[in-house]
Amino acid sequence: MNKKHPGGEPSPSTSPTGPAPSPDHGDATATPASAADPKRWWALAVIALAQLMVILDGTIVNIALPSAQRALGMPDADRQWVITAYTLAFGGLLLLGGRIADLVGRKRAFVIGLAGFAMASALGGAAAGPGTLFAARALQGAFAAVLAPSALSLLTTTFTDPRERAKAFGVYGALAGGGSGAGLLVGGLLTEYLNWRWCLYVNVPVALAALIGAQVFLRDRSGRRGGHLDVPGVLLGSGGLVALVYGFSEAGPRGWTSPWVAAPLMAGVLLLAAFVWWQHRAAGPLLPLRIFRDRSRAGAFATMGLATIGMFGVFLFLTYYFQAVLGYPPVRTGLAFMPVSVGIVIGATQIAARLLPRTAPHTLMASGMVLAAAGMVLLSRLTVHAQYVPHVLPGLLLVGLGMGLTFMPVYATATVGVPTQETGAASAALTTVQQIGASLGTVLLNTIATGAAGRHSRAHGPADSGTALAEAMVHGFSVAYWCSAGVLLLAALVAALTVRRGKPSQAGSKPSA
């Protein structure tokens with residue numbers, strides 16, 4: 001059985017942005033990292049640049065996909081693999097990436113992830129056929145799975161002063177939430193004024209700049225001495241996550257009753273159940289389950305999962321709404337999403353970061369989810385004749401502000417108090433929850449919207465005109481937005497009931513009262 005990591009109980013009134021308890025095994029010094037490192041704000045810029053690249057890549061390719069399909073002669077049945085190859089590798093290997101960061105060192109894992117991501121992006125941009133592009137996207141996802149948790153764990157260990165930590169996580173939360181909308185805009189610009197290949201090539205100079213900055217500004221200890229890789233945990237955990245993500249990705253085109261959907265989902269559940277069983281017994285587990293024993297930390301994870309389930313319908317449905325209903329070109333579609341990104345940046349950096357040092361995190365999380373739910377309700381009232389400023393913009397701003405208020409305290413609460421040698425695993429687990437929530441939310445909400453649109457068409461006669469098809473589509477979106485609002489309100493309730501004012505206890509120690 002694993003030994004518990006001892007740690008003193010934090011005061012219930014301590015902010016979740018306060019200094020993390022010093023972990024055992026001699027991994028931490030008595031001097032806070034942020035006080036000892038005068039280059040910490042430059043380090044934040046490097047971490048933010050890498051995080052932005054990973055987030056942008058999740059959506060930047062979406063707008064370029066039709067052009068890439070025509071250029072490479074890609075069949076319709078295979079085009080989804082440009083997206084699926086990335087999400088499978090990213091979502092399936094995150095836990096392994098977090099463990100690698102703990103074993104070899106966060107800075108070293110960060111550099112490996114950056115270099116690999118740049119090379120995979122160059123390979124994808126130069127692809128001469130669909131197979132090369134699919135392989136490059138899978139490699140991007142694999143290296144992103146190393147890069148993302150190492151970036152978050154570097155941030156966690158670099159900033160320990162309460163106010164500085166709040167500012168740093170405000171920036172990180174803004175990028176994590178707003179980068180998707182920015183990716184749509186950048187993808188539209190690159191596709192329309194250059195070509196689709198630049199949606200991949202653009203990562204190369206960004207990664208090179210971050211690599212140079214990492215060598216100059218990032219400081220971190222070497223890997224954990226005496227650590228080893230939990231191979232059975234890797235096989236069970238990564239296999240289960242890949243099966244789940246694949247099942248969710250196939251549910252849209254094939255339907256939930258297809259054996260190509262049911263079998264992977266069932267296999268994923270069984271593998272993850274076996275993974276949890278093994279983690280209780282492994283000497284050096286891939287994901288130490290004591291991370292989740294604190295109620296506040298577990299509540300932050302649950303809030304993140306529900307928030308991403310409810311949020312990702314915005315980008316999916318509004319992309320169709322702007323282009324298919326309102327007739328927006330790609331660049332205008334990207335610009336139309338910018339209020340979401342602006343709202344997230346304001347909510348995370350100007351509101352949550354200022355309030356968190358003296359406000360209970362559950363207050364910010366719950367308030368943010370209520371605001372986002374109100375934005376979804378406004379979006380549910382859209383029609384085929386709606387105008388952007390009076391009808392779409394208010395809902396986007398509310399969703400953005402709500403997400404910014406939520407993401408920042410979630411990141412801070414979920415990672416504080418974790419022993420230094422396990423920050424990579426905790427960061428990877430949080431990113432995995434976010435990735436799985438996005439995949440599940442996209443499929444569930446799309447299924448709900450499609451079903452509602454079909455029922456609307458049958459109830460109102462055959463949809464043989466463009467207007468009738470658009471009305472059915474918008475009705476489906478409206479129903480899905482109401483469901484999103486319900487999920488976000490559930491997230492608000494979870495945050496209010498589970499996340500306490502005091503910071504989470506050190507993993508493995510007795511939770512704070």
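## Helix packing and buried cores in an all-helix chain

At 0% relative accessibility, Ala144 counts as buried, and this alanine makes a good starting point for a walk through the predicted model. Ala144 sits in helix 5. Setting aside residues up to four places away in sequence, its contacts are Val54, Tyr86, Phe90, Phe117 and Pro149. Its C-alpha atom lies 8.5 Å from that of Gly97, a residue 47 positions away along the chain.

Stepping back for a moment, the chain has 513 residues, of which 57% count as buried. Its secondary structure consists of 17 helices and zero strands. Among contacts with a separation of 6 or more, 86% join residues 24 or more positions apart.

### Helix 2 and its two partners

A pair of packed helices is described by the angle between their axes and the distance between those axes. Here are those values for helix 2 with two other helices.

| Helix pair | Angle | Axis distance | Handedness of crossing |
|---|---|---|---|
| Helix 2 (residues 40-72) and helix 3 (residues 81-104) | about 165 degrees | 10 Å | left-handed |
| Helix 2 and helix 5 (residues 130-158) | about 160 degrees | 10 Å | left-handed |

Let's take helix 5 to begin with. The angle of about 160 degrees between helix 2 and helix 5 is over the 145 degree cut-off, so helix 2 is roughly antiparallel to helix 5. On the helix 2 side, the contact is made by Arg40, Leu44, Ile47, Ala50, Met53, Val54, Asp57, Val61 and Leu72. Helix 5 answers with Pro130, Leu133, Arg137, Gln140, Ala144, Leu147, Ala151, Leu154, Leu155 and Thr158. Sorted by class, this contact comprises 14 nonpolar, two polar and three charged residues. Our opening residue, Ala144, is thus one of the helix 5 members of the contact.

Now for helix 3. Helix 2 packs against helix 3 at about 165 degrees, and that makes the two helices roughly antiparallel. Here Val54, Asp57, Val61, Asn62 and Leu65 of helix 2 meet Val82, Ile83, Tyr86 and Phe90 of helix 3. These residues divide into seven nonpolar, one polar and one charged.

Some residues turn up in both places. Val54, Asp57 and Val61 of helix 2 take part in the contact with helix 3 and in the contact with helix 5. Ala144 also touches Tyr86 and Phe90, which belong to the helix 3 side of the contact with helix 2.

### The nonpolar cores

The largest nonpolar core holds 119 residues. Those with the most contacts inside it are Phe110, Leu114, Leu318, Tyr321, Phe322, Met403 and Tyr411. Helix 11 (residues 295-325) contributes the most to this core, with 13 residues. What does Met403 touch, leaving aside its neighbours within four places in sequence? Its contacts are Ala307, Met311, Ile344, Met369, Ala372 and Leu488. There is also a second, separate core of 15 residues, with Val61, Met74, Val82 and Leu190 among them. Val61 and Val82 also appear in the contact of helix 2 with helix 3.

### A buried proline

One more residue to look at is Pro339, placed in helix 13 (residues 338-355). Is Pro339 buried or exposed? Its relative accessibility is 12%, which is under the 20% cut-off, so Pro339 counts as buried. Apart from neighbours within four places in sequence, Pro339 is in contact with Tyr388, Leu393, Leu396 and Leu397. The C-alpha atoms of Pro339 and Gly181 are 8.6 Å apart, although 158 residues separate them along the chain.

Note on methods:
Residues numbered from 1 in each chain as written. Predicted model: local features only at pLDDT ≥ 70, side-chain atom pairs only at ≥ 80, totals over all residues. Heavy atoms only, no water. Axes fitted to C-alpha atoms, helices over the stretch in contact; angles between N-to-C directions. Helix = DSSP H or I, 4+ residues; strand = E, 2+ residues; numbered from the N terminus. Parallel < 35°, antiparallel > 145°, perpendicular 65-115°, else oblique. Left-handed = near helix turned anticlockwise from the far one by under 90°. Contact = heavy atoms within 4.5 Å. Nonpolar A, V, L, I, M, F, W, Y, C, P; charged D, E, K, R; others polar. Core = buried A, V, L, I, M, F, W, Y, C linked by side-chain atoms within 4.5 Å. Buried < 20%, exposed > 50% of the residue type's maximum accessible area, 1.4 Å probe, protein only.
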